[in-house]
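Here is a structure to read with some care. The questions below ask what lies behind the words used to describe it.

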Amino acid sequence: GDAWPGPRPVRPRSEEPATASMATGKAFLASTLQGRQHGESPLEKVFFATVIGAGVALSAWLVVGDGIRWFGLNRRAPVRSTLCLGCATLYWIRVLLTVSYLMARRMPSTEAVSVSTFVAVWTVGATLLASGDVWPHLPDNQLSDWIGVLLVLCGSFLNTASEVQRKWWKDIPKNKGRCYTNGLWSLALHINYFGDVVLFIGWVMVSGTWWMGWLPLLMAYNFAFHQGPELDAYLEKRYKDEFRAWRSQTKYMIPFVW
């Protein structure tokens with residue numbers, strides 16, 4: 001059982017799956033660092049998934065329905081824009097899995113609104129950028145497009161598979177109150193954060209606009225110097241020596257590197 005003395009501490013968001021950890025605004029970061037209570041919050045989660053789904057639907061209209069002309073652009077890169085729509089669809093599927101199965105905590109309304117809006121805007125924006133009619137006007141169907149797709153798939157796997165591994169392990173009664181350090185989590189303390197960074201590096205590559213590279217860089221900075229250290233402090237307080245032993249023999253965020 002859980003040996004934590006006194007009232008059970010609320011579980012912080014960062015111990016649960018990062019539903020949209022790419023959002024790095026002040027409001028999102030503030031809510032991330034707060035403790036969270038377990039609960040359903042079905043309306044917030046439905047709203048969250050619906051807004052992101054609306055962004056994917058709008059992206060599909062831009063690509064499949066030729067709605068991109070409504071923005072005064074031409075679809076000069078049909079392969080790239082289709083790949084970008086695929087990235088958005090995969091992300092939405094992962095969101096549905098997270099809010100319906102992986103996320104045990106409550107989702108505050110501020111997070112549901114701010115993060116879902118951010119993701120929806122990025123989803124549509126990336127699809128527009130991938131049209132090939134936006135500077136730097138890269139030719140369609142380049143090797144970089146497919147490398148980006150590979151990174152999206154790898155990052156999605158690292159993020160979601162690690163969360164699934166942890167949930168399955170924690171669902172075993174004898175593991176209640178213990179720190180999960182096996183599987184993908186043996187590669188890095190914050191392997192899920194690393195997965196998100198890899199995912200968005202790939203998504204930016206698929207969009208065909210290198211100047212959007214600031215987005216995954218900002219995410220990496222946020223994870224390494226804000227969300228990560230805050231989570232570390234909580235885990236050390238909750239799991240004590242178990243966490244310290246894990247930290248002493250495990251890379252921080254980038255497997256085999258750092």
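Q: What makes Leu 58, Trp 61, Trp 70 and Phe 71 a nonpolar patch on the surface?
A: A patch of this kind is made of residues with over 30% relative accessible area and no salt bridge (a side-chain nitrogen of Lys or Arg within 4 Å of a carboxyl oxygen of Asp or Glu), and its nonpolar side chains (Val, Leu, Ile, Met, Phe, Trp, Tyr) are joined within 5 Å. Leu 58, Trp 61, Trp 70 and Phe 71 form such a patch, with about 450 Å² of accessible area together, an area that comes from the Shrake-Rupley method with a 1.4 Å probe, where for residues only the protein chains shown count as cover.

Q: How do you know whether Trp 70 is buried or exposed?
A: Buried means under 20% relative accessible area, exposed over 50%, and partly exposed in between (1.4 Å probe, protein chains only). Trp 70 has a relative accessible area of 65%, and is therefore called exposed; its place is in the loop between H2 and H3.

Q: What do these values rest on?
A: The model is predicted, so that local features need pLDDT of at least 70 and side-chain atom pairs count only at pLDDT 80 or more, while totals for chains, interfaces and linings use all residues. Residues are numbered from 1 along each chain as its sequence is written, and side-chain values use heavy atoms, with hydrogens and water left out.

Q: Why is Pro 108 called buried?
A: Its relative accessible area is 17%, which is under the 20% limit, so Pro 108 counts as buried. Pro 108 is found in the loop between H3 and H4, and its C-alpha atom is separated by 7.8 Å from that of Ser 41, although the two are 67 residues apart along the chain.

Q: Why are Asn 141 and Lys 240 called partly exposed?
A: Asn 141 has 42% relative accessibility and Lys 240 has a relative accessible area of 40%, so both values fall between the limits for buried and exposed. Asn 141 lies in the loop between H4 and H5 and has a positive phi of about 60° although it is not a glycine. Lys 240, in the loop between H7 and H8, is also a residue other than glycine with a positive phi, near 50°.

Q: How do you know that the length of H2 fits a helix?
A: Helices (H or I, at least four residues) and strands (E, at least two) are DSSP runs, numbered from the N terminus, and the expected span of a helix is 1.5 Å times one less than its number of residues. H2 has 22 residues and reaches 31 Å from its first C-alpha to its last, close to the expected 32 Å. Among its buried residues are Phe 48, Ile 52 and Leu 62, and the buried residues of H2 pack against H3 and H4.

Q: What makes a set of residues a nonpolar core?
A: Such a core is a set of buried Ala, Val, Leu, Ile, Met, Phe, Trp, Tyr and Cys residues joined through side-chain atoms within 4.5 Å. The largest one has 54 residues, of which Phe 48, Trp 122, Phe 200 and Trp 203 touch the most other members. H6 gives the most to this core, with 10 residues. A second, separate core of 5 residues includes Leu 62, Ile 68, Val 124 and Leu 128.

Technical notes
Contact = heavy atoms within 4.5 Å. Patch = residues over 30% accessible without salt bridge, like charges linked within 9 Å, V, L, I, M, F, W, Y side chains within 5 Å.
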